[in-house]
Amino acid sequence: MALNFRSKQWLAGIVLLLCGFIVGVLTSPFVMKNLFHRPDMPPPPPHVVAEHIMERITDELSLTDEQVKQIWPSVEQTANKVEALRQTIEPQIREILDNDAKTVEQFLTPEQKKRHMELINKFKKRQEEMEKRRKKQQ
């Protein structure tokens with residue numbers, strides 16, 4: 001069956017859409033992991049968070065300069081409070097993770113325990129590096 005020009009256009013369009021769909025499905029996990037979830041990056045310092053929030057609400061709410069001046073101290077104070085809370089609970093989180101690691105280790109073979117310890121050390125090293133970067137940013 002010979003296809004006319006119009007049918008060929010439709011077929012080419014469908015093939016193009018399918019190719020785009022396949023590329024999207026195959027690349028989206030990589031994009032999501034590498035662009036949006038960066039566990040190796042420390043959280044931004046409070047002043048950066050506050051500036052970002054102010055930019056967003058200024059644009060979204062069409063704030064006047066006077067409103068920005070009035071709202072800024074509250075946003076900055078809130079960002080500082082959140083950072084202080086993060087620093088307060090971080091040791092508790094590490095303790096919970098350490099306790100869990102000990103529990104998990106009870107059920108592992110000697111080979112698995114060795115690999116588990118390597119993973120924990122790698123994680124701790126990454127956490128230390130993040131903390132150094134975070135302190136540099138402040």
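**A four-helix protein and its charged surface**

In this protein, 63% of the contacts with a separation of 6 or more join residues 24 or more positions apart, a contact being heavy atoms within 4.5 Å. The model is predicted: local features need pLDDT of at least 70, side-chain atom pairs count only at pLDDT 80 or more, and totals for chains, interfaces and linings use all residues. Residues are numbered from 1 along each chain as its sequence is written, and side-chain values use heavy atoms, with hydrogens and water left out.

The protein has four helices and zero strands, where helices (H or I, at least four residues) and strands (E, at least two) are DSSP runs numbered from the N terminus. The order of elements from the N terminus is α-α-α-α.

Of the 138 residues, 12% count as buried; buried means under 20% relative accessible area, exposed over 50%, and partly exposed in between (1.4 Å probe, protein chains only). Histidine 116, in helix H4 (residues 110–137), counts as buried because its relative accessibility is 16%. Beyond residues up to four places away in sequence, histidine 116 touches Ala101, Val104, Glu105 and Leu108.

Aspartate 59 belongs to helix H2 and is exposed, because its relative accessible area is 61%. Together with Glu51, Glu55, Glu60 and Glu76, Asp59 forms a patch of negative charge on the surface. Such patches consist of residues with over 30% relative accessible area and no salt bridge (a side-chain nitrogen of Lys or Arg within 4 Å of a carboxyl oxygen of Asp or Glu), with like charges joined within 9 Å and nonpolar side chains (Val, Leu, Ile, Met, Phe, Trp, Tyr) within 5 Å. Helix H2 (residues 46–61) supplies the largest share of the negative patch, four residues.

Notes. Areas by Shrake-Rupley, 256 points an atom, 1.4 Å probe, with all protein chains shown as cover. Lys, Arg positive; Asp, Glu negative; His and termini not counted. Charge placed at Lys NZ, Arg CZ, Asp CG, Glu CD.
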